[in-house]
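Work through the exercises below with the model open beside you. Each task is followed by a stepwise solution.

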Amino acid sequence: MNTYFVLFVVVSLSAVTVLGDYLIKLSGSTSNKYIDWKLFVIGLCTYLITSIGWFFIMKHMKLSTIGVVYGIATALFLVTIGVLKFKETLNVYEITGICLGVIALILLSRFAG
């Protein structure tokens with residue numbers, strides 16, 4: 001399987017995980033006292049999709065590479081949602097870390113096998 005396709009699938013799975021994170025955060029933030037079970041269960045189901053995808057992807061790439069790509073992509077997606085949806089702000093150190101993460105992704109995609 002093409003390495004770039006596998007990397008694309010890993011990043012896509014990361015996006016699905018972040019969607020699950022977003023839904024679970026919303027399930028607890030709709031009310032201070034109660035949980036929105038519908039959003040919570042939908043969030044859990046999105047995690048299930050990710051775990052099924054991981055099963056197939058692990059056959060085609062080293063776990064260490066998948067883990068780093070997945071971690072950095074997840075962080076980038078979460079930062080994007082945090083800034084755009086929840087109006088969070090970033091300081092210089094966080095922005096520097098994000099840039100270093102992107103550089104790591106570029107290096108991994110170039111040398112991944």
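## Helix crossings

The crossing of α2 and α3 is right-handed. Keep in mind throughout that this is a predicted model.

**Exercise 1.** Describe how α2 and α3 cross, and name the residues that meet.

*Solution.*
- Step 1. Take the geometry. The two axes come within 11 Å and cross at roughly 145 degrees.
- Step 2. List the α2 side. Thr50, Trp54 and Ile57 make the contact.
- Step 3. List the α3 side. Their partners are Leu63, Ile66, Gly67 and Tyr70.
- Step 4. Sort the contact of α2 with α3 by class. There are 5 nonpolar, 2 polar and no charged residues.

**Exercise 2.** Is α1 parallel, antiparallel, perpendicular or oblique to α3? Find the hand of the crossing as well.

*Solution.*
- Step 1. Locate the helices. α1 covers residues 3-29, and α3 covers residues 63-84.
- Step 2. Read the angle and the distance. The helices pack at about 45 degrees, with their axes 8 Å apart.
- Step 3. Classify. Angles under 35 degrees count as roughly parallel, and 65 to 115 as roughly perpendicular. The angle therefore makes α1 oblique to α3.
- Step 4. Assign the hand. α1 passes α3 in a right-handed crossing.
- Step 5. Inspect the contact. On α1, the residues include Leu7, Val10, Val11, Leu13 and Tyr22. On α3, they include Ile66, Val69, Phe77, Leu78 and Ile81.
- Step 6. Sort the residues of the contact of α1 with α3. They divide into 14 nonpolar, 3 polar and 1 charged.

**Exercise 3.** Repeat the analysis for α1 and α2. What is their relative direction?

*Solution.*
- Step 1. Read the geometry. The packing angle is about 165 degrees, and the axes are 8 Å apart.
- Step 2. Apply the cut-off. Angles over 145 count as roughly antiparallel. α1 and α2 are therefore roughly antiparallel to each other.
- Step 3. Assign the hand. The crossing of α1 and α2 is left-handed.
- Step 4. Sort by class. The contact of α1 with α2 has 17 nonpolar, 7 polar and 1 charged residues.

## The core

**Exercise 4.** Which residues of the largest nonpolar core touch the most other members? Trace the elements that supply this core.

*Solution.*
- Step 1. Count the core. It has 13 residues.
- Step 2. Pick out the best-connected members. Val10, Ile57 and Ile66 touch the most others.
- Step 3. Assign elements. α1, α2 (37-57) and α3 each give two or more residues to this core.
- Step 4. Rank them. α1 gives the most, with 5 residues.
- Step 5. Set this against the general pattern. In soluble globular proteins, nonpolar side chains tend to be buried together.

**Exercise 5.** What does Ile66 contact, leaving aside its neighbours within four places in sequence?

*Solution.*
- Step 1. Collect the partners. Ile66 is in contact with Val10, Trp54, Ile57, Met58 and Met61.
- Step 2. Place two of them. Val10 belongs to the α1 side of the contact with α3. Trp54 belongs to the α2 side of the contact with α3.

## Single residues

**Exercise 6.** Classify Lys87, Leu44 and Val102 as buried, partly exposed or exposed.

*Solution.*
- Step 1. Recall the limits. Buried means under 20% relative accessible area, and exposed means over 50%.
- Step 2. Take Lys87. Its relative accessibility is 64%, so Lys87 counts as exposed. Lys87 lies in the loop between α3 and α4 (92-111). Its phi is near 60 degrees, a positive value in a residue other than glycine.
- Step 3. Take Leu44, in helix α2. At 42%, Leu44 counts as partly exposed. Its C-alpha atom is separated by 21 Å from that of Phe86, 42 residues apart along the chain.
- Step 4. Take Val102, in helix α4. At 33%, Val102 is partly exposed. Leaving aside its neighbours within four places in sequence, Val102 is in contact with Ile72 and Leu76. The C-alpha atoms of Val102 and Gly43 are separated by 27 Å.

## The whole chain

**Exercise 7.** Summarise the fold in numbers. How many helices and strands are there?

*Solution.*
- Step 1. Count the elements. There are 4 helices and 0 strands. From the N terminus on, they run α-α-α-α.
- Step 2. Box the protein. Its C-alpha atoms fill roughly 50 × 35 × 15 Å along the principal axes.
- Step 3. Check burial. Buried residues make up 27% of the 113 residues.
- Step 4. Check contact range. Among contacts between residues at least 6 apart in sequence, 68% join residues at least 24 apart.

Notes
Residues are numbered from 1 along each chain as its sequence is written. This is a predicted model: local features need pLDDT of at least 70, side-chain atom pairs count only at pLDDT 80 or more; totals for chains, interfaces and linings use all residues. Side-chain values use heavy atoms; hydrogens and water are left out. Axes are lines fitted to C-alpha atoms, for helices over the stretch in contact, and angles run from 0 to 180 degrees between N-to-C directions. A crossing is left-handed if the near helix is turned anticlockwise from the far one by less than a right angle, and right-handed if clockwise. Contact means heavy atoms within 4.5 Å. Ala, Val, Leu, Ile, Met, Phe, Trp, Tyr, Cys and Pro count as nonpolar, Asp, Glu, Lys and Arg as charged, and the others, Gly among them, as polar. A nonpolar core is a set of buried Ala, Val, Leu, Ile, Met, Phe, Trp, Tyr and Cys residues joined through side-chain atoms within 4.5 Å. Buried means under 20% relative accessible area, exposed over 50%, partly exposed in between (1.4 Å probe, protein chains only).
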